Amino acid sequence: MRIAFIEIQNFRKLKSVRIDLADKETIFVGANNSGKTSAMTALGHFLINHKRFTVNDFTLSNWARINEIGDKWEKENQSEEDLESALAQWEKQIPIMDIWLDVGKNEIHHVSHLLPNLDWEEGKLGVRLRYEPNDITELYSEYVKARKHAEDTIKAAKEANNDKEYRLSLWPKSMMDYLERRLNKHFVIKAYTLDPDKLTDITDQGDAAPQNLPGESEPIEEPPFYGLIKINEIPAHRGFSDPQRPENEEDKPVATGKYKLSEQMRSYYSRHLDPSEFPEPHDIDALEAIEQAQNLFDEKLKVEFEGPIQELEDLGYPGVTDPKVVIATKIRPIESLNHNAALQYEVVRKNDNDNTFTLRLPEQYNGLGYQNLISMVFRLMSFRDDWMQVGKARNRVSEESIIPPLHLVIAEEPEAHLHVQVQQVFIRIAYDILRKHSDLDENKRLTTQLIVSTHSSHIAHECDFSALRYFRRFPAIEVGDVPITTVINVSDVFGEGDKTERFVIRYLKTTHCDLFFADAAILVEGPAERILLPYFIEHCYAKLRQSYITLLEIGGSHAHTLRSLIEHLGLTTLIITDIDSQNKESKEAILPARKQNQVTNNDTLKGWVPKEEEIDKLLDVTEEQKELKIENALSSIRVAYQCPINVSLEENKPAEEALPYTFEDALILENIAVFSTLEGPGLIKKFKEAIATHSNVSDLGQALFQALRGSNQKAKFALDLLFELDSQNFTVPLYIREGLEWLEKQLSKKYLEILPVSEKPKKDGKGKEAA
């Protein structure tokens, strides 16, 4: 048994999403503010503690409709039938989570209370958790009463003060204002069975399409997942104390004690190891030693207190008929761990005489990263042992109690305070720790699923990419809506294991790129672009500098291998590549020229965008042809390659058309004045000499082409140029300039809360979004 997927509706920016869960680990990735935290929070609210809900968890665009329900209740008396129909209105606005399980035929006894009908045998089984009014009649009555009291109070104050006008509104101003204080009083989670036959695929836009419940649906009486799923979480705010902060200091945030390792150790000892609880044969020696110590201590106290007790007796108390004062102790092992220094870190050192000695410090004096790692690992161990009822825990449950067949663990942002290598170690071992038990191993009857949200590319790269779930943010389409999220199952891209996909996986892991967390991506041709482009962005494009952009050096011959991934993620991407002109017959690389029967050798230009091969056509494509809109993603991909530029080698000489072949000669041709006087070694020297010895643009272009052809000094050229950029007035090559300006506009739209009319998806005649 396993959770196949969950669907979330009306929870924060998760308007309607489906999240597929992998068999073992599922990793939530995505740019900042994309909805990862919302999903993790929803899991905690629905599956662990519904008292965490607040009105801020309701999707903001639903607030107005909820307030309309309250307005209607104020204006019109509601009958029982009216309130029942109002419940259908509430259903469209309230947070909902659907849990879909994959259940085998031999596991039906675990889910007998969830069966939709008697004919169901195996496969998908769904449960809807709905955060709804517990008693809608009571909610109606108390809301209307509260509103009336607020209005009557204002009216009475007005009458008492000569019709004075008051510019304030008393609580509650609206239904949402009322629920801000009374939500947990009126709302509870109720569970309903779903019909597997009505299960539908996600829409073309990536939204979930959950089924509607019949009006006569009755909630499940017992907790739906009790005895079925064991659920644990490691929250993002784990809180570790500052060793310099006094215990009683109240003006600073205090770490939550349960996340300190010493507290976890005490709790684990109490549940699994305490010999005084349900003693077993191997506990007898320890218990005997404790009792002997207790007796010796009692004798010691008897001797020490003999004088004071005798003095009390000399006063006439206790008397003959009164009880005698006796001091007795009770030693409990758990109490020996109940202090701040119960857990210490031991460091062995050697003195000048080469003798070893030991130093110890309390846990809070260790680094936050080490505390965090040890704490999380120990919590995983505790989760596992609680689930498997290890040690004393098995004696605390009834004989009829069984181990739940499914263990779900939720860990939010485990990378906090951890170095890169430690982040990778944690995610590598986390699932194995949860399965490290003799009864688990390859036991398919007991399943563990781990869900992790992260902002760390290092954690993402350490996992199987098919386990990644990418959260993509959309701006609001209409006024009154809010930005929402869709979730992309990356396993749809990394599921086949063909040669291209293996290359992409190896490339992403090798370069440690942060593609899954970026607002946009720039793919560049070679090392020179990779070195100089950040400088251009830093000094010429302020909006791009403020954005989270990942820069990948992959080359024109391989950029197209990322096509499936980029389009699937809907990631805004600029591809800066070379025109790579060659003779159509001989396939020899040559300088671009018009009407010379030349073609490009660049697979990106031929097969992705603009899907043109002839050089003559590539030189004259329009801006629109250089851009590819990603269907249903509200984002685009644009290519930038060398384009015709006008160059004049002398001030009074008319400009001639130049057709660059690479980034380097494009940079030189647009900065003739700079390179003609620039001093430097290698390619810089060759370029200066070429400019000095050629009087026309065509010959200069050919000279630059020959100097660059087969050169392995492009990276060195770019590094040498970095030293000169601040002292020279460089012009960014035109094709790169146009590409970066396009990217700025795209990101400006991406950060909008509401999409401009010109960018909204067009509707067909039936009101649906046209492809």
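Q: Where is the place of Arg-12?
A: This is a predicted model, in which local features need pLDDT of at least 70, side-chain atom pairs count only at pLDDT 80 or more, and totals for chains, interfaces and linings use all residues. Residues are numbered from 1 along each chain as its sequence is written, while side-chain values use heavy atoms and leave out hydrogens and water. Although Arg-12 is not a glycine, it has a positive phi of about 55 degrees. With strands taken as DSSP E runs of at least two residues and helices as H or I runs of at least four, numbered from the N terminus, the place of Arg-12 is in the loop between β1 and β2.

Q: Which strands stand at the edges of the open sheet that runs in the order β2-β1-β4-β5-β6?
A: Five strands make up this sheet with antiparallel pairing, where two strands pair if DSSP finds at least two bridges between them. Two of the strands have a single partner each, so one side of each is left without a neighbour in the sheet, and these are β2 (14-20) and β6 (187-193).

Q: By how many degrees are neighbouring strands of this sheet turned against each other on average?
A: Angles are taken between lines fitted to C-alpha atoms, as N-to-C directions from 0 to 180 degrees, and for helices the fit covers the stretch in contact. For the strands of this sheet direction is ignored, and the average turn is 15 degrees.

Q: Which residue in β4 stands opposite Glu-7?
A: Strand β1 (residues 2-11) and strand β4 (residues 96-103) are paired over seven bridges in the antiparallel sense. Across from Glu-7, the residue in β4 is Asp-98.

Q: What angle does the direction of helix α1 make with that of β1?
A: Helix α1 (residues 36-47) packs on the sheet and touches β1, β2, β4, β5 (123-133) and β6, contact meaning heavy atoms within 4.5 Å. Its direction and that of β1 make an angle of about 100 degrees.

Q: What is the size of the largest cavity?
A: A cavity is a set of points on a 1 Å grid over the protein atoms alone where a 1.4 Å probe fits but cannot get out, and its lining residues have an atom within 4 Å of a point. Points are joined across faces, edges and corners, and a volume is the space filled by probe spheres set on them. The structure holds one cavity of 30 Å³ or more, and among the residues lining the largest cavity are Glu-7, Asp-98 and Trp-100. The space in this largest cavity is about 40 Å³.

Q: At what angle do helices α2 and α4 pack?
A: Helix α2 (residues 63-75) meets helix α4 (residues 136-160) with the two axes 10 Å apart, at an angle of about 75 degrees. Since angles of 65 to 115 degrees count as roughly perpendicular, α2 is roughly perpendicular to α4. Gly-70, Trp-73 and Glu-74 are the α2 residues in the contact, and the packing angle is about 75 degrees.

Q: Which loop holds Pro-172?
A: The peptide bond leading from Trp-171 to Pro-172 is cis, its omega being near 0 degrees. Pro-172 itself lies in the loop between α4 and α5 (175-186).

Q: Where is Pro-610 found?
A: Another cis peptide bond runs from Val-609 to Pro-610, with omega near 10 degrees. Pro-610 is in the loop between α16 (603-607) and α17 (615-618).

Q: Which residue in β20 is the bridge partner of Ile-630?
A: Strand β20 (residues 635-640) pairs with β19 over four bridges in the antiparallel sense. In β20, the partner of Ile-630 is Ser-635.

Conventions: On a 1 Å grid over the protein atoms alone, a cavity is a set of points where a 1.4 Å probe fits but cannot get out, and a pocket is an open set with protein on both sides within 12 Å along at least five of seven lines; lining residues have an atom within 4 Å of a point. Angles under 35 degrees count as roughly parallel, over 145 as roughly antiparallel, 65 to 115 as roughly perpendicular and the rest as oblique.
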